[in-house]
Amino acid sequence: QVQLVESGGRLVQAGASLRLSCAASGLSFSNYNMAWFRQAPGKSRYFVASISWSGGNPNYADSVKGRFTISRDNGKNTMYLQMNSLKPEDTAVYYCAARLTSVLSYDYWGQGTQVTVSS
């Protein structure tokens, strides 16, 4: 059974930093491209960042470029999102997702972790 478990979300003030983690189990982690998405209250789920199976080709939404860094440790079956210079508009539930390198859609999702940034 595939499980993606996010952690690290909490309430912080604007300008602070947070690191989110996504621990994967039940899959061959190094065969999967990974991504972070987020969903603010009353809004759709949006792409934040992605990373290839090897840890290369990081890709970011324009709104987080230069502030967020995605990474992964295949030895630990874990993906990370380092978030710096947080803004109130970064407030959302953050989800990690996994897709096989051979497909375009994300097949597996975590339950999400809440990030709240106060002004």
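Q: The charged end of which residue sits over the ring of Tyr-106, and how far is that end from the ring centre?
A: A charge is said to sit over a ring if NZ of Lys or CZ of Arg is within 6 Å of the ring centre and within 35 degrees of the ring normal. Here the charged end of Arg-99 sits over the Tyr-106 ring, 5.5 Å from its centre. Likewise, Arg-45 places its charged end over the ring of Trp-109, at 4.9 Å from the centre. The model is predicted, so local features need pLDDT of at least 70 and side-chain atom pairs count only at pLDDT 80 or more, whereas totals for chains, interfaces and linings use all residues. Residues are numbered from 1 along each chain as its sequence is written, and side-chain values use heavy atoms, with hydrogens and water left out.

Q: How many aromatic pairs does a search of the whole structure find?
A: A pair of aromatic rings is described by the distance of the centres and the angle of the planes. Rings of Phe, Tyr and Trp (its six-membered ring) pair if their centres lie within 6.5 Å; planes under 30 degrees apart count as stacked, over 60 as edge-to-face and the rest as tilted. The whole structure yields 5 such pairs. One of them is edge-to-face, because the ring centres of Phe-37 and Phe-47 are 5.8 Å apart and the planes stand at 80°. This pair links distant parts of the chain, 10 residues apart, with Phe-37 in strand β4 and Phe-47 in strand β5. Strands (E, at least two residues) and helices (H or I, at least four) are DSSP runs numbered from the N terminus.

Q: Which residues form one aromatic cluster?
A: Phe-37, Phe-47, Tyr-106 and Trp-109 make up the cluster. On accessibility, buried means under 20% relative accessible area, exposed over 50%, and partly exposed in between (1.4 Å probe, protein chains only). Phe-37 is therefore buried at 12%, whereas Phe-47, at 29%, is partly exposed.

Q: Which residues are joined by salt bridges into one network?
A: A salt bridge is a side-chain nitrogen of Lys or Arg within 4 Å of a carboxyl oxygen of Asp or Glu. The whole structure contains 3 of them. In one, the closest N and O atoms of Arg-38 and Asp-90 are 2.9 Å apart. Arg-38 lies in strand β4 and Asp-90 in the loop between β8 and β9, so this pair ties together parts 52 residues apart in sequence. Asp-90 also forms a salt bridge with Arg-67, at 2.7 Å between the closest N and O atoms. Shared partners thus join Arg-38, Arg-67 and Asp-90 into one network. Each member is buried: Arg-38 at 12%, Arg-67 at 10% and Asp-90 at 0%.

Q: Where does Asp-62 stand, buried or exposed?
A: Asp-62 is exposed at 65% relative accessible area. Its salt-bridge partner is Lys-65 (3.2 Å, N to O), and Lys-65 is partly exposed at 49%.

Q: How many residues has the largest nonpolar core?
A: In soluble globular proteins, nonpolar side chains tend to be buried together. A nonpolar core is a set of buried Ala, Val, Leu, Ile, Met, Phe, Trp, Tyr and Cys residues joined through side-chain atoms within 4.5 Å. The largest one here has 29 residues, and those with the most contacts inside it include Met-34, Trp-36 and Tyr-94. Among the elements giving two or more residues to this core are β3 (18-25), β4 (32-39) and β9 (92-100).
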